[in-house]
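Work through the exercises below with the structure in view. Try each task before you read its solution.

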Amino acid sequence: MTPGKRFSFVPRFGRLATGIGLSLSLLAGSLAAPQVAWAEGRIRIAEQFGIVYLLLNVVRDQQLIEKHGKAAGLDIEVDWQQLSGGSAVNDALLSGAIDVAGAGIGPLLTVWDRTHGRQNVKGVASLGNFPYYLLSNNPSVKTIADFTEKDRIAVPAVGVSVQSRFLQYAAARQWGDDQYARLDKFTLALPHPDATAALKAGGTELTGHFSNPPFQNQALESPAVHVVLDTYELLGPNSPTVLYATGKFREENPKTYKAFVAALSEAADFAQRDKAAAADTYIRVTGAKISREALLKIIDNERFEFSVTPTNTYPLAEFLHRVGAIEHKPTSWQDYFFEDAAIGQGS
C-alpha cells in the first residue's frame, strides 16, 4: 500500500442486485439523493476486479494524480474503494459516496440515460480494449442457444453490467430484438473471483460465467471450462470498461479532474509501452494470486490495448436504445462522454 493513500473494501453489494427491477429501483431512488460537495483537492475513485482496471493500479502506485495536481499547484487527497457490479457502483456515484466510477460501458449508458438533465453523468475515459469471454463448464453448451433452465450464468450485476448487456446483444442477434432479454432469467450476480472459483470447482447450478481477464484465463486452466462467446467476435475490438463522473464534480473541481485525466493518460502510455512493468504493478497493488509469467501471457498480445480513448462503444449504445433499455438516443459516443482532448477521438 502506498503511504498516505487510503484504500477501503466496500461490501459486495452486487450480490444484492439479483434482478433488473431491484437495480433500477435503487438507481431511481439515488437520483433524488443530495450530492455531497467537496472542495478542489479530493477525489474518491471506485474500481472493481480484474486486469481491466490496471491503469488505476498504475495511477495509484505511481501517485500520478498527486503528481499532476502538484504541477497545477494543488495538493490532492485520493481515496480508493473497491466494489463489485455496475449497480453498486452507480448507486455509490449517485449517492455522493464516490466521485469517479469504474465499471462497464453498460452501466455507464444506464446511468447516463437515467441522469440526463439531472446529474448528467458522462464518461471520463476508457481503460483500454480487452476481449471478454462467456465461459461454461457444461459440455453441452456450445453456443448461447444451448443454455437451459438448468444453467445459471454469473455476471457482476444482473441486467445492467456490461457482461449482461453483451449477453443481451448476443441474444438479440440470435433470436431478434424482441428476445434480447431471453437469457436474463438464467443470470445471477456474483463477483468475478467467486464465480471463477465456482466454475472451476463445478458441481453447482452455476455452469456459466461472463468473465473478464485475468479471471477468464484462470478459469480456462480447467479442462472442463471452455469459451462460448468472445466479445471481439461479437462486436469487434471495443472498450468494455470505462470511468465516469457527474457533470457537477467535473465543473466544480476542474483542476482535480484535469489532474486525474492527465494521470490516466500517463498510466496508459506506461502500461502500453512496458507491459512487463505494468504486470509487476498489478501484482504489487492488488496482491493477485497470479504469476508474473501467466499475467504477461495474458496482456502481452495484440488483443490487449491500454488506452484512454473509447473504442467501438456506440454499437452497444445504439442497440440499448433500439430495444428500449435506455430512453435517450445518443447520436454518437460524444453524447455520453465528456469532451476532452486528452482522451482523443473515440467511437
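Three exercises follow, on a pocket and two helices.

This is a predicted model, where local features need pLDDT of at least 70, side-chain atom pairs count only at pLDDT 80 or more, and totals for chains, interfaces and linings use all residues. Residues are numbered from 1 along each chain as its sequence is written, and side-chain values use heavy atoms, with hydrogens and water left out.

**Exercise 1.** Describe the largest pocket and its lining.

Solution.
- Start with the volume: about 290 Å³.
- Next, find the centre. Of the 19 lining residues, the closest to it are Phe49, Gln82, Tyr282, Thr286 and Ala288.
- Then sort the lining by class: 10 nonpolar, 6 polar and 3 charged residues.
- Last, trace the helices. At least two lining residues each come from α2 (54-61), α8 (215-219) and α12 (275-286). The largest share, 3 residues, belongs to α12.

**Exercise 2.** Find the buried residues of helix α3 (residues 64-71) and what covers them.

Solution.
- Apply the cut-off: buried means under 20% relative accessible area (1.4 Å probe, protein chains only).
- Leu64, Ile65, Glu66 and Gly69 in α3 are buried.
- Now look at the cover. It includes β2 (42-47), α2, β3 (77-82) and α11 (254-273).
- Step just past α3: Gly73 has a positive phi of about 80°.

**Exercise 3.** How many residues of helix α5 (residues 105-114) are buried?

Solution.
- Count along α5: 9 of its 10 residues are buried.
- Name some of them: Ile105, Pro107, Leu109, Trp112 and Asp113 are among the buried residues.
- Conclude that α5 is mostly covered.

Methods
1 Å grid on protein atoms, 1.4 Å probe; cavity = no way out; pocket = protein on both sides within 12 Å on 5 of 7 lines; lining within 4 Å. Points joined across faces, edges and corners; volume = space filled by probe spheres on them. Helix = DSSP H or I, 4+ residues; strand = E, 2+ residues; numbered from the N terminus. Nonpolar A, V, L, I, M, F, W, Y, C, P; charged D, E, K, R; others polar. Buried < 20%, exposed > 50% of the residue type's maximum accessible area, 1.4 Å probe, protein only. Contact = heavy atoms within 4.5 Å.
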